Amino acid sequence: MRTPHRLPRCCDLTPATSFRFEYRWCRGTGGSLGLLRDREFAALAGTAFARSQAYSTILIALALYAEQFGTTGFVEGLFGTAFAVVQLLIVLPLGRKIDTGNAKRYLLAGLAVNVAVFVAFTFVQSSTHVVLVRMLQGLGASLLWITGSTVVGEISPEDASGRWLGTYNQVAAFSSLAGDVVGGYLLYAYQTHVVYTVLSAVTIGAFLLVWRYLRDNPGGQKDPEEATGTETLRALLKRPMVRSLVFFRLAFSVGKMAVIIFLPIVAKVEFGINEFAIGWILAGGKLTKTLAQGYMGDLTDRLGSRHLFVAAGAALYGVGTALIPLSFYFEGVVDPLQFHAFGRSQALGGAFFALFAAYGILGVADSIRLPASMALFVEEGERFDSVASSMSLRSISWKVGQVAGPVLVGTIKDFVSTTAAFLTAAAFIVVATGVFLVTYYRTADVTAPNPVGGD
């Protein structure tokens, strides 16, 4: 059961299903940062901070490994596939365990695994080693993401869960930005072992917070005898909206994960953009996403039709992906911007600005799509008191595409061209969007109630 304490009635808070990054201010709340005074929430926020910072920093580090080991597009794709394949195998049983078990243990295990990942990265000497360590990272990331999101939703007060979830996601977004900017700078200015030492220290701090302040057994409300994991998933998949979203995410993830893996690698290997500048490219997109997502969450609540927000955001993401190859054109057209910083001479050419603009568009696209997508899955999961299982289903549908997408696009990069690879990713996204809309409207027509006339 949820905790019985409540916030003052004056508060007008956003609903949990919006997953917004904003809430309405009221007297006595002290703002979203006031939640950090709650030791349990601070401990959970620490896991989000450690997880997101590590994920963002290591994405930039993968570009360094690609250059260092002279990898092919296929092997670079394996950097993404290895991460996802482990998650694909564990995400559903893990969601079920969290619904019924002691989630604190899973959080502590995830943080411990992440520290092991950082130690392992300091010893990599080949692309094969990178692939193996990425598999271990996939395990740690799954433990932290699914468990953390579920526990925040479960232990938050019923009339403040939107505020808790929104602030929790704000911490993750801020940490992701920090991983891009600070992590990019550390990779640029120092040896990689320094970077992994910093990440380890942050993660150990989060471990201690969870161990000290989070209650025992903060997990789900589901009775293990009530239904098996298979029965819960079957019940969810009988919902037309869930089926539409699952298929959409499966195809959409093929394109999006190709962008996430290959954009930093292309920036480093093709254009010689340094790690700090790559961090700014990635941070620019995340900043637009963070700034716009709260407004878009409000807009979806006011206007409804969340499926249209999902489709609009996905279509815009396809456009932004198709714009990435323009970096090759602008690199030779725009004169490089020269400046001196951090004791070195910096030069940002046309490719940097083209990639920065394209990734900024992708950030806006995600801000349109994400609040609506997450809200739809949460709403469907609440019907069966199995939000974690619903979110696991959301995650596993993504992982199927994440496993296949990077390798497929990397192979196209090897045998055709980098431009063709990104255009293929964009095509997957556009097709996924069209199929989602068609499937949604067809199932809506089938499930619409027929009026029954009176006698």
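This section describes the fold composition, nonpolar core, salt bridges and nonpolar surface patch of a predicted model.

Residues are numbered from 1 along each chain as its sequence is written. Because the model is predicted, local features are reported at pLDDT of at least 70 and side-chain atom pairs at pLDDT 80 or more, whereas totals for chains, interfaces and linings use all residues, and side-chain values rest on heavy atoms, with hydrogens and water left out.

The chain contains 14 helices and 2 strands, taken as DSSP runs numbered from the N terminus (H or I of at least four residues for helices, E of at least two for strands). Of its 455 residues, 58% are buried, where buried denotes under 20% relative accessible area, exposed over 50%, and partly exposed the range in between (1.4 Å probe, protein chains only). Among contacts (heavy atoms within 4.5 Å) with a separation of 6 or more, 84% join residues 24 or more positions apart. The chain exposes about 18900 Å², of which carbon and sulfur atoms supply 63%; accessible areas were computed by the Shrake-Rupley method with a 1.4 Å probe, and for residues only the protein chains shown count as cover.

The largest nonpolar core, a set of buried Ala, Val, Leu, Ile, Met, Phe, Trp, Tyr and Cys residues joined through side-chain atoms within 4.5 Å, comprises 111 residues, of which F121 and I273 touch the most other members. Helix α8 (residues 240-269) provides the largest share of this core, with 17 residues. When residues up to four places away in sequence are not counted, F121 touches I58, Y65, V130, V133, R134, Q137 and Y196.

In total, 8 salt bridges were identified, each defined by a side-chain nitrogen of Lys or Arg within 4 Å of a carboxyl oxygen of Asp or Glu. One of these joins the side chains of D216 and K104 at 3.5 Å, N to O, and the pair links distant parts of the chain, since D216 lies in the loop between α6 (192-213) and α7 (229-237) and K104 in helix α3 (residues 103-121), 112 residues apart. The two partners fall into separate accessibility classes: D216 counts as exposed at 56% relative accessibility, whereas K104 counts as buried at 9%. A salt bridge also forms between D180 and K286, with the closest N and O atoms 3.0 Å apart; this pair connects helix α5 (residues 161-189) to helix α9 (residues 275-303) across 106 residues, and both D180 and K286 are buried. The side chains of K256 and D366 meet at 2.7 Å, N to O, linking helix α8 with helix α12 over 110 residues. K256 is buried, with a relative accessible area of 9%, and D366 is likewise buried, at 5%. In addition, E67, K268 and E275 are linked in a network of salt bridges.

On the surface, V319, L323, L326, Y329, F330, V333, V334, L337, F339 and F353 make a nonpolar patch of about 830 Å². Patches consist of residues with over 30% relative accessible area and no salt bridge, like charges being joined within 9 Å and nonpolar side chains (Val, Leu, Ile, Met, Phe, Trp, Tyr) within 5 Å. At least two patch residues are supplied by each of α10 (306-323), α11 (326-333) and β1 (337-341), and the largest share, 4 residues, comes from α11. F353 lies in helix α12 (residues 350-382) and is partly exposed, with a relative accessible area of 37%.
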